[in-house]
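Trainee: Could you take me through one part of this model up close? I'd like to see how the pieces around it fit together.

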Amino acid sequence: MIYTLLVLSSPTSGHGGRHAAAFAQAAIARGHQIERVFFLDQGTETGSQMAVMPQDEPNRLQPWLELAEQHGVELVLCIASALKHGMLDAGEAARYDRPCATVHPAFVVSGLGQFIDATDRADRLVTFGG
Amino acid sequence: MRHSPYGGALARAAIDMAMAMGAFEQDFELLFMGTGVLQLLDDQDSHQIGLRNAGRLLSSLPLYDVERVFVDADALQHHGIGLSDLVVPAEPLDAAAIRDLLGSADHLVSY
C-alpha cells in the first residue's frame with residue numbers, strides 16, 4: 001500500500017512528530033511504500049538543521065534522515081509555513097537575503113501542490129497532529 | 001475544518017489548503033465542524049489582531065470550484081449561529097449525515 005503522511009505537529013511539543021517517524025519506519029518494515037512526507041505549520045520545524053537537542057534526549061531529526069537516505073522517502077516542507085517559521089533552504093535564504101540556510105539538505109521546501117500530488121497517488125493519507 | 005479562525009495558525013493553513021486543492025482542480029468538499037464553524041461567520045473584523053479576515057478569505061471559495069460546503073448543524077446551534085449568518089452558503093448536516101459524508105471520501109484532510 002502507498003501512504004502519504006501529513007505532519008502538523010511541532011518536533012519539540014507533543015508526540016505527533018515522533019509517532020509519524022515511527023509509523024513510517026513500521027510501514028516500510030512491513031513492505032508498504034511511503035513516497036512523500038509533507039510537513040505543514042509547526043511541523044515544518046522538523047527540517048531544522050539548527051535545532052540542538054539536549055544530549056539526553058533523542059535527536060528528532062535523525063529518524064527522518066534515515067528514512068530519506070535508506071528508503072528514498074521525500075521530505076517536503078510547505079513553503080508558506082516554512083518561511084513563516086524561519087525554515088529556509090539555500091535557495092530561499094538567497095532569495096530573501098538571509099545569512100544562511102536553516103533547513104537540512106535532506107528536506108525540500110515546496111508548495112501545497114506536492115502534497116496534493118502525493119495524496120492523489122496514495123492509497124492512504126495519515127495525518128499527525130492538528 | 002475544525003479550528004476557530006484566530007486561536008492558532010491551523011484554520012488559516014486549512015483555508016490555504018482548500019484553495020490549493022481548488023487551484024489544482026481536485027474533487028473536494030469542505031466540512032466545518034466544532035469551533036471551526038466560527039470561521040464561516042459573515043461579520044468578522046480581525047483588523048485589530050493583525051490577522052487576515054478568515055470570513056473574507058472563505059467568501060472567495062466559490063471561485064476555487066469547491067463542490068459543496070457543509071456545516072455541522074449541532075455546532076451551529078451550540079454557538080448560536082444561523083445559516084443566514086454565514087459568509088458562504090453551507091448545507092447543515094446532523095451527526096449521522098457527517099458520518100456518511102466522511103465515509104464516502106477517498107481521503108480526509110482534517111485540521
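Mentor: Here's a walk around one helix of chain A, followed by a sheet in chain B and two loop residues. Keep in mind that this is a predicted model.

Let's start with helix 5 of chain A, which covers residues 112-121. Its buried residues are A:L112, A:G113, A:F115, A:I116, A:A118 and A:T119. What do they pack against? Within chain A, the buried residues of helix 5 pack against strand 1 (2-7), strand 2 (33-39), strand 3 (74-78), strand 4 (107-110) and strand 5 (124-128). They also reach across to the other chain, packing against helix 1 (10-23) of chain B.

That cross-chain pair deserves a careful look. The axes of helix 5 of chain A and helix 1 of chain B lie 10 Å apart, and the two helices pack at about 65 degrees. That angle makes helix 5 of chain A roughly perpendicular to helix 1 of chain B. The crossing between them is right-handed. On the chain A side, the contact is made by A:L112, A:F115 and A:I116, and on the chain B side by B:D16, B:M17, B:A20 and B:M21. Sort the residues of this contact by type and you get six nonpolar, no polar and one charged.

Now over to chain B and its sheet. Three strands form an open sheet in the order 1-2-3, with parallel pairing. Strand 1 (30-32) and strand 3 (91-93) of chain B are the edges, each pairing on one side only. On average, neighbouring strands here are turned by 30 degrees against each other, direction ignored. Strand 2 and strand 3 of chain B are joined in the parallel sense by three bridges, and B:F70 has B:E91 in strand 3 as its bridge partner. Helix 4 of chain B (residues 95-104) packs on this sheet and touches strand 1, strand 2 and strand 3 of chain B. The direction of helix 4 makes about 105 degrees with that of strand 3 of chain B.

Finally, two loop residues to click on. Most residues other than glycine have a negative phi. A:D41 goes the other way, with a positive phi near 55 degrees, and it is found in the loop between strand 2 and helix 2 (62-71) of chain A. B:D65 also has a positive phi, near 60 degrees; look for B:D65 in the loop between helix 2 (54-59) and strand 2 (69-72) of chain B. As for their surroundings, A:D41 counts as buried because its relative accessibility is 10%, whereas B:D65 is exposed, with a relative accessible area of 53%.

Technical notes
Residues numbered from 1 in each chain as written. Chains lettered and ligands numbered in written order. Predicted model: local features only at pLDDT ≥ 70, side-chain atom pairs only at ≥ 80, totals over all residues. Heavy atoms only, no water. Buried < 20%, exposed > 50% of the residue type's maximum accessible area, 1.4 Å probe, protein only. Helix = DSSP H or I, 4+ residues; strand = E, 2+ residues; numbered from the N terminus. Contact = heavy atoms within 4.5 Å. Axes fitted to C-alpha atoms, helices over the stretch in contact; angles between N-to-C directions. Parallel < 35°, antiparallel > 145°, perpendicular 65-115°, else oblique. Left-handed = near helix turned anticlockwise from the far one by under 90°. Nonpolar A, V, L, I, M, F, W, Y, C, P; charged D, E, K, R; others polar. Pairing = 2+ DSSP bridges.
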